[in-house]
Amino acid sequence: MQPPMTHRPYAGEADYQRIRAFLQSIFALQGPCPRITIGDLDYWRFQQPDPAASIQPCGLWQGSNAALLGFAWPGLEHNGTGIIDLSVHPDSAELLEPMLIWSEAWLHQAMPAATARLDVTTSALEHNAALIALLTARGWARTDSSHQYREQSLASFVPAGVLPAGYTIRHVEEDDDSAPLAALNNLARPGPELTPATYRALMGAPTYRRELNLIVCAPDATFAAFCILWYDDVTRAGLFEPIACHPAHQRKGLATAIMREGLRRLEQRGATRALVGTSGRNEAANALYESLGFRATERKWYWQKTISR
């Protein structure tokens with residue numbers, strides 16, 4: 001007989017800390033490839049114009065002892081589509097169905113009045129048979145888009161990167177860096193545009209550390225590349241997210257150099273592993289990560305469904 005489980009809405013920052021602790025516990029159980037790390041969680045939440053509102057739709061499922069067993073995070077994207085992220089304890093896979101049903105209902109209710117149909121995306125690791133079977137049964141279709149996870153052990157020495165003449169690497173030193181970093185992010189990466197204000201909000205995320213927000217400066221002192229490493233001192237893992245290079249400065253080894261510097265800084269802080277992920281279609285990024293010693297661990301596929309009124 002299964003112990004009783006309850007579902008309740010997200011109730012503020014204390015719940016955010018519970019979610020973070022839950023994700024750390026899942027990482028300890030599943031190793032380098034949980035679907036969501038606390039770095040992912042912070043990055044996804046705090047890049048939004050209103051970080052408090054963006055996390056509010058979460059639903060939490062807990063056991064009789066109030067221990068968190070899973071959470072669902074539905075939301076509306078900047079491009080007018082819907083998204084669902086699910087995370088569940090591996091011993092509570094039976095919660096996936098009520099979590100997914102609840103998330104679909106939330107999005108149906110949240111659809112703008114003028115919207116008749118809402119395209120929704122979620123994802124499933126390619127070996128998660130229970131979730132794949134559930135998505136298929138509920139009318140979801142797997143797309144041809146995937147996300148490749150990679151991991152590297154930091155047990156061995158990390159060599160320093162080599163920059164072209166005149167280029168330098170430093171970390172974020174003051175809030176004034178937020179404007180050029182937001183501009184570079186918007187130029188080099190797809191997704192919601194960042195403003196100086198939203199970048200400063202990102203810098204307020206619990207896992208953010210200025211010394212792990214690295215910048216490559218060009219000879220004229222403009223920003224040529226940047227990355228953020230989200231280091232979790234509980235799991236001793238650091239996540240690269242994002243990594244971006246200005247189009248005018250590509251093919252100069254800047255991404256290699258900044259990632260090597262990031263790996264070195266993680267190693268100095270006691271990290272035992274580094275994580276990175278990218279689109280399965282991004283051949284250049286996957287080749288870069290392989291050249292730096294990142295091994296493929298798991299792939300997740302994106303699934304879509306259209307919700308109609």
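In which strand does P242 lie? P242 lies in strand 10, and the legends below, which describe a predicted model, return to this residue after an overall view.

**Figure 1. Overall view of the predicted model, with its 9 helices and 12 strands.** The radius of gyration of the protein is 20 Å, close to the 19 Å that the globule rule gives for 309 residues, so the protein is as compact as a globular protein of that length. Along the principal axes, the C-alpha trace spans about 65 × 45 × 35 Å. Of the 309 residues, 49% count as buried, and the protein exposes about 13,900 Å², with carbon and sulfur atoms supplying 53% of that area. Among contacts between residues at least 6 apart in sequence, 72% join residues that are at least 24 apart.

**Figure 2. Close-up of the cis peptide bond between E241 and P242.** Most peptide bonds are trans. The bond that joins E241 and P242 is cis, with an omega of about 5°. E241 lies in strand 10, which covers residues 237-245, and P242 is placed in strand 10 as well. Because its relative accessibility is 15%, under the 20% limit, E241 counts as buried. When neighbours within four places in sequence are left aside, the residues in contact with E241 are Y43, R189, I228 and W230.

**Figure 3. Close-up of the largest cavity, with a volume of about 90 Å³.** Rolling a probe the size of a water molecule over the atoms shows where empty space is left. The count comes to 1 cavity of 30 Å³ or more. The largest cavity is lined by 13 residues, and F27, T37, I38, D232 and T235 are those that lie nearest its centre. At least two lining residues are supplied by each of helix 1, helix 2 (38-46), strand 9 (223-232) and strand 10, with helix 1 giving the most, namely 3 residues. Divided by class, the lining of the largest cavity holds 8 nonpolar, 4 polar and 1 charged residues.

**Figure 4. Close-up of the second largest pocket, with a volume of about 280 Å³.** Of the 17 residues that line the second largest pocket, Q30, R35, V88, L125 and N128 are the closest to its centre. The elements that give two or more residues to this lining are helix 1 (13-30), strand 4 (82-88) and helix 5 (129-137). The lining residues of the second largest pocket divide into 12 nonpolar, 4 polar and 1 charged.

**Figure 5. Close-up of A66, a residue with a positive phi.** Most residues other than glycine have a negative phi. A66 is not a glycine, yet its phi is positive, at about 70°. The loop that holds A66 runs between strand 2 (59-63) and strand 3 (68-76). Because its relative accessibility is 37%, A66 counts as partly exposed.

**Figure 6. Close-up of A221, a residue with a positive phi.** A221 has a phi of about 80°, a positive value although the residue is not a glycine. This residue lies in the loop between strand 8 (213-217) and strand 9. With a relative accessibility of 53%, over the 50% limit, A221 therefore counts as exposed.

Note on methods: Residues numbered from 1 in each chain as written. Predicted model: local features only at pLDDT ≥ 70, side-chain atom pairs only at ≥ 80, totals over all residues. Heavy atoms only, no water. 1 Å grid on protein atoms, 1.4 Å probe; cavity = no way out; pocket = protein on both sides within 12 Å on 5 of 7 lines; lining within 4 Å. Points joined across faces, edges and corners; volume = space filled by probe spheres on them. Helix = DSSP H or I, 4+ residues; strand = E, 2+ residues; numbered from the N terminus. Nonpolar A, V, L, I, M, F, W, Y, C, P; charged D, E, K, R; others polar. Rg over C-alpha atoms; globule rule 2.2 N^0.38 Å. Buried < 20%, exposed > 50% of the residue type's maximum accessible area, 1.4 Å probe, protein only. Contact = heavy atoms within 4.5 Å. Areas by Shrake-Rupley, 256 points an atom, 1.4 Å probe, with all protein chains shown as cover.
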